[in-house]
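Hi,

Here's the structure I said I'd pass along. Have a look, and my notes on one part of the fold are below.

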Amino acid sequence: MRDMVIIGSGPAGLTAAVYAARANLQPLLIEGKEPGGQLTLTTMVENFPGFPEGIMGPQLMEDMRKQAQRFGAEIVNGYVHAVKLTEQPFRVYYGDKEVEARTVVISTGSSAKLIGIKSELDLMGHGVSTCATCDGFFFRGKEIAVVGGGDSAMEEATFLTKFATKVSLIHRRDTLRASKIMQDRALANPKIQFVWNTAVEEVLGDKAAGVKGLRLKNIKSEETSVLNVDGLFVAIGHNPNTEIFRGQVDLDNRGYVRTQPFSTRTNIPGVFACGDVQDPTFKQAITAAGTGCMSAIEAERWLEH
Ligand code: NAP
């Protein structure tokens with residue numbers, strides 16, 4: 001029986017672990033499929049306070065992990081495939097193991113969204129990617145495309161110009177959602193060409209040869225065209241990882257865990273949620289860490305009472 005089980009190892013889960021461990025709760029943190037979470041898929045993090053020169057995402061997560069372990073958090077590698085939160089003690093199932101817990105902190109984050117066309121899935125890992133940091137290197141000297149109009153798309157496109165000779169940024173509207181600074185950086189980059197009001201209808205190529213091009217459709221004129229590229233990076237946002245909680249924890253219509261205002265409490269007493277899994281708005285490392293801290297403090301108080 002644990003006082004606290006934390007599910008997920010991004011900035012939210014690891015910050016909850018630091019606080020809970022320092023409060024002597026000896027939390028068990030189960031890492032999930034992507035230990036360290038989305039920050040391990042990024043390069044330089046420039047906006048996490050305390051690092052005036054920036055810090056590499058994987059390094060930041062490694063440091064948070066060490067900090068949690070230093071105070072006695074137990075971190076295990078495993079994927080939680082089921083939970084039972086309808087009665088105390090809660091039960092969390094990972095691999096072939098089962099653990100009982102008085103409190104559960106949900107910090108499972110979110111995962112990349114896909115456009116939803118069959119060829120995108122068929123060619124995933126064969127020229128289609130959702131992670132420029134992971135796969136950019138494979139496109140050295142090639143022409144590629146990025147889909148999306150938010151900060152992720154700007155960041156990925158800018159990063160990919162280190163490798164690619166040309167990056168086509170395909171966006172379904174003619175205005176970007178990205179922040180001004182990220183837009184300006186991408187717009188000023190001579191290697192990035194913007195393709196406005198356009199949707200990707202099909203990724204051309206096959207598994208053996210990889211991506212050969214994209215069939216595009218201009219949403220306004222309805223004209224179709226083919227863009228010859230060797231790779232496609234999909235950067236259109238994320239979905240919260242909440243499947244295992246469905247039917248037990250209250251979720252909103254987009255699948256995010258509902259938490260009470262100014263709190264990380266869910267509808268189940270003793271179950272808390274922090275980070276991107278409950279945050280459709282900010283989705284920043286620093287806000288995830290902040291809510292992780294809140295979860296640990298709220299759980300500690302709940303246990304005391
Ligand atoms: P986002 O802000 O939700 O933007 C998603 C983009 O993809 C939008 O431009 C959207 O188009 C487009 N899109 C969505 N579904 C699509 C579809 N099915 N087909 C084609 N296009 C589609 O997501 P994000 O860029 O991942 O950013 C999420 C959050 O993380 C934001 O708060 C952002 O500030 C933050 N972030 C920050 C940094 C940084 O500061 N370094 C880096 C990355 C992300 P519409 O505009 O038409 O809706």
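The bit that caught my eye is a right-handed β-α-β unit made by β11, helix α5 (residues 151-160) and β12. From β12 the chain carries on through helix α6 (residues 180-187) to β13, and that β-α-β crossover is right-handed too. Keep in mind that this is a predicted model.

Now for the strand pairing. Strand β11 (residues 143-147) runs parallel to β12, and five bridges join them. If you want a spot to check on that side, I144 sits opposite V167 in β12. On to the other pair: β12 and strand β13 (residues 192-195) also run parallel, with four bridges between them. There, S168 has Q193 in β13 as its bridge partner.

Is β12 itself mostly covered or mostly open? Mostly covered: the strand spans residues 166-170, and four of its five residues are buried.

Zooming out, these strands belong to an open sheet of five, ordered β10-β17-β11-β12-β13, with parallel pairing. So which strands stand at the edges? Those are β10 (128-129) and β13. Each has a single partner strand, so one side of each is left without a neighbour in the sheet.

If you load it up, I'd start from β12: it pairs with β11 through five bridges and with β13 through four.

Cheers

Technical notes: Residues are numbered from 1 along each chain as its sequence is written. This is a predicted model: local features need pLDDT of at least 70, side-chain atom pairs count only at pLDDT 80 or more; totals for chains, interfaces and linings use all residues. Side-chain values use heavy atoms; hydrogens and water are left out. Buried means under 20% relative accessible area, exposed over 50%, partly exposed in between (1.4 Å probe, protein chains only). Helices (H or I, at least four residues) and strands (E, at least two) are DSSP runs, numbered from the N terminus. Two strands pair if DSSP finds at least two bridges between them. A crossover is right-handed if, with the strands pointing away from the viewer, the path from the first strand over the helix to the second runs clockwise.
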